[in-house]
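Please look through the model shown here, and then follow the questions and answers, which set each value against the rule behind its name.

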Amino acid sequence: MKLGILTSGGDCAGLNAVIRAIGLYALDNIKNAEIVGIPGGYGGLIAGESFPLKRADLEDILDRGGTILGTSRQPFKMMTVPEGGTSRLETMCANYRKTGLDCLFVLGGAGTHRTAALLSSEGCNVIGLPKTIDNDIYGTDVTFGFQTAVEVVTESIDRYRTTAAGHGRTMIVEVMGNKAGWLALHAGIAAGADMILLPEIPFSVDAVCTYIERKNARAAGASGWEKPYTLIVAAEGAVLDAERRFKKKERAFIRTERGETTVTPHLAEIIRARTGMETRVAVPGYLQRGGTPCAYDRLLSSRLGGYAARLAAEGKFGVSVAVSGNRITFNALAEIAGRYKLVDPRGELVAFARGIGISFGDR
Ligand code: F6P
């Protein structure tokens, strides 16, 4: 059985751990298993490239960050557009057959899964694995890479807190998460943030500034160095309620006019003007995706990879592996493609956070 593996979209911790688990399970449990890596995501499949992955290539990569296969972003909307008479989808299917694959494991996020579903509908045997620090893939409780990012962001916020406290500043920590605010929500709660701003809960500048002013008023009259500070964790996709009426493109245009891509620099300016507080924006950036996976992600990646290889051995294709409760299971690709798992503004986690005094900047 010839098994291909590719990693697509933004990297995250745990990709190599998954590749290792697929490979080791297959080599130990599938007769005549042959494993190949497709380099550079769907780009490698479009180019018809592959290279062998031997046991020795896999054994020592459990804790390695990034991806030994390389990755790229290939826009979904381009997949079915004919280019010189042939679409990328058709080229990928032809190369899947030319390479002699019996199964292709696709490690990626929501966009990657949409393309995986297309490949599957064209007759390729595909198994998806849910990767992303955004944790927004529909049908799985958790994605690999997410928990490591939560750890990294939580530690960063702890550090930003000490400098914010030392200066009595408002610190806005902008974390990744364009559509979904899971990372901001989990790390924000874990690091004891005062306020968490999410794409799913538009915020108002009045509510944000009133919160800060009340916090400052509570600290008034304290002795010693008791200057109040406020710690805000904002997802990069956070939106002002006033921006809601604009389409995504219009919003991007307005922000570009201001020389900004996210709302946090604008919010910082407003906070400075309205409350008089020194305000800084801190962006941990790609630190959130890089480096070694935490123990949770090593375990999760190993379970997901091993399970996916077992599905291949059983001839179960057209699915993506998933976590449900504490069980590893799978969903049909057709079922999850194009759907996102977003934070529920009325859900338990948001309600609990509100209950312990965390503001979402909306009231
Ligand atoms: O992979 C998901 C993600 O990390 C998002 O949270 C973020 O918006 C995006 O990738 C950044 O993408 P790029 O690597 O293309 O800058």
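**Strand S10 and its surroundings**

Q: Why is strand S10 (residues 319–324) said to be largely enclosed by the rest of the structure?
A: In this predicted model, a residue is called buried when its relative accessible area is under 20%. Of the 6 residues of S10, 5 are buried, and therefore the strand is largely enclosed by the rest of the structure.

Q: What makes S10 and strand S11 (residues 327–332) a pair, and in which sense do they run?
A: Two strands pair if at least two bridges are found between them; S10 and S11 are joined by 6 bridges and run antiparallel. Within this pairing, Val321 stands opposite Phe330 in S11. The hairpin of S10 and S11 has 2 residues between the strands, and Gly325 takes a positive phi near 65° there.

Q: How do you know that strand S5 (residues 126–130) also pairs with S10?
A: The rule asks for at least two bridges, and S5 and S10 have 2 bridges, in the parallel sense. Ile127 has Val319 of S10 as its bridge partner.

Q: Why is the protein chain, with its 13 helices and 11 strands, called as compact as a globular protein of that length?
A: Its radius of gyration is 23 Å, which is close to the 21 Å that the globule rule gives for 363 residues, so the chain is as compact as a globular protein of that length.

Q: How many of the 363 residues, as a percentage, are buried in the protein chain?
A: With the same cut-off of under 20%, buried residues make up 54% of the 363 residues.

Conventions. Residues numbered from 1 in each chain as written. Predicted model: local features only at pLDDT ≥ 70, side-chain atom pairs only at ≥ 80, totals over all residues. Heavy atoms only, no water. Rg over C-alpha atoms; globule rule 2.2 N^0.38 Å. Buried < 20%, exposed > 50% of the residue type's maximum accessible area, 1.4 Å probe, protein only. Helix = DSSP H or I, 4+ residues; strand = E, 2+ residues; numbered from the N terminus.
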